[in-house]
Amino acid sequence: MTFDINVIFSNLPEILSGAWVTIVIWIITTPAAAVLGFLIAVARRFGGVMLDKAFGIVIAVLRGTPFLIQIFLVYYGGPFVGLSLDPIPAGVIGLSIYGAAYFSEIFRSGFAAVPKGHIEAGICVGLTQGQIIRRILLPEMTMLVLPPSVNMTIILMKETAVLSIITVPELTATLSAIGSQQYAFVEALFVLALFYWALVEITGWLGHLAETKLTRFRFFNI
């Protein structure tokens with residue numbers, strides 16, 4: 001048995017199509033999860049004890065169960081409650097909700113790290129809650145939440161592979177089909193690993209670049 005590079009080139013259009021689907025889903029779900037997670041974190045901080053407890057339970061369930069089970073429930077359990085989704089919308093919704101649970105904890109810890117005196121000072125000068133979030137919490141927490149946010153972005157990118165289980169035509173599903181049809185599992189897995197490794201390295205580099213820029217911005221504005 002030898003490594004046949006021709007298998008990759010002969011199926012290049014299908015591979016590129018699967019890679020494109022993976023990247024599009026990742027690009028959609030990451031900001032969606034971040035925005036939803038941020039809103040949950042704000043609601044837990046300013047929405048009162050009951051709202052905090054309710055979201056806390058939901059987040060505990062989402063973080064305590066595998067994403068595979070969650071996506072099964074969204075796709076196969078949806079019709080039982082009148083929600084029938086195609087594979088790609090189900091994957092986007094499921095991955096966004098899954099990521100939001102983790103992003104909400106990242107932002108909540110960022111809020112908690114901002115000194116209370118800064119918030120109290122904002123209240124003393126008459127700032128509203130929206131202004132406190134925009135002018136105090138967001139600027140001060142950005143540097144703190146950036147590294148874990150980049151890490152969560154990478155995790156969401158890897159979790160797109162799970163969507164193949166509900167027949168989303170992303171790269172894992174495409175290469176699995178090619179490997180099964182042509183008995184080229186080594187070649188298929190090699191391309192899959194190379195693709196995800198490249199995305200991880202690029203994302204990590206962009207995150208480091210953003211952190212460097214923000215550090216310089218803070219330094220020059222002290």
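The buried residues of helix α4 are covered by parts of the chain that include α3 (49-64), α5 (87-113) and α7 (129-159). That is a good place to enter this predicted model, whose chain holds nine helices and zero strands. From there, the tour below moves to the core, a buried threonine, a cavity and the UniProt record.

**Helix α4 and its cover**

- Helix α4 spans residues 67-76, and its buried residues are Phe67, Gln70, Ile71, Val74 and Tyr75.
- Looking down the axis of α4, you will find these buried residues within an arc of 120°, so they line one face of the helix.
- Among the elements lying over the buried residues of α4 are α3, α5 and α7.

**Overall build**

- Read from the N terminus, the order of elements is α-α-α-α-α-α-α-α-α.
- The C-alpha trace of the chain spans about 70 × 50 × 25 Å along its principal axes.
- Of the 222 residues in the chain, 40% are buried.
- Among contacts in the chain with a separation of 6 or more, 79% join residues 24 or more positions apart.

**The nonpolar core**

- The largest nonpolar core contains 53 residues, and Phe103, Leu156 and Leu175 have the most contacts inside it.
- Two or more residues of this core come from each of α1 (6-10), α2 (12-46), α4, α5, α7, α8 (171-182) and α9 (185-220).
- Helix α7 supplies the largest share of this core, with twelve residues.
- If you centre your view on Phe103 and leave aside neighbours within four places in sequence, its contacts are Thr30, Ala33, Ala34, Gly37, Ser149, Met152, Thr153 and Leu156.
- Leu156 thus appears twice here: it is a contact of Phe103, and it is listed with Phe103 and Leu175 for having the most contacts inside the core.

**Thr203, a buried threonine**

- Thr203 sits in helix α9.
- With a relative accessible area of 10%, Thr203 counts as buried, because the cut-off for buried is under 20%.
- Not counting residues up to four places away in sequence, Thr203 touches Trp26, Val150, Thr153 and Ile154.
- Thr153 is worth displaying alongside, since Thr203 touches this residue and Phe103 is in contact with Thr153 as well.

**The cavity**

- One cavity of 30 Å³ or more is present in the structure.
- The largest cavity encloses about 30 Å³ of space.
- Its lining consists of Val7, Ile8, Asn11, Ile15, Leu175, Ile178, Glu187, Ala188 and Val191.
- The elements giving two or more residues to that lining are α1, α8 and α9.
- Helix α9 gives the most to the lining of the largest cavity, with three residues.
- Leu175 links two topics: this residue lines the cavity and is named among those with the most contacts inside the largest nonpolar core.

**What the UniProt record adds**

- An unreviewed UniProt entry places the feature "transmembrane region" at residues 20-42, 54-76, 88-107 and 188-210.
- Taking residues 54-76 in the model, the chain is 91% helix and 0% strand, with the end C-alpha atoms 25 Å apart.
- Residues 188-210 are 100% helix and 0% strand, and the end C-alpha atoms of this span lie 33 Å apart.
- The feature "domain: ABC transmembrane type-1" is placed by UniProt, again in an unreviewed entry, at residues 19-204.
- Across residues 19-204 the model is 82% helix and 0% strand, and the end C-alpha atoms lie 19 Å apart.

Technical notes
Residues numbered from 1 in each chain as written. Predicted model: local features only at pLDDT ≥ 70, side-chain atom pairs only at ≥ 80, totals over all residues. Heavy atoms only, no water. Buried < 20%, exposed > 50% of the residue type's maximum accessible area, 1.4 Å probe, protein only. Helix = DSSP H or I, 4+ residues; strand = E, 2+ residues; numbered from the N terminus. Arc of directions from axis to C-beta. Contact = heavy atoms within 4.5 Å. Core = buried A, V, L, I, M, F, W, Y, C linked by side-chain atoms within 4.5 Å. UniProt positions renumbered as here; feature names shortened; annotations may be inferred. 1 Å grid on protein atoms, 1.4 Å probe; cavity = no way out; pocket = protein on both sides within 12 Å on 5 of 7 lines; lining within 4 Å. Points joined across faces, edges and corners; volume = space filled by probe spheres on them.
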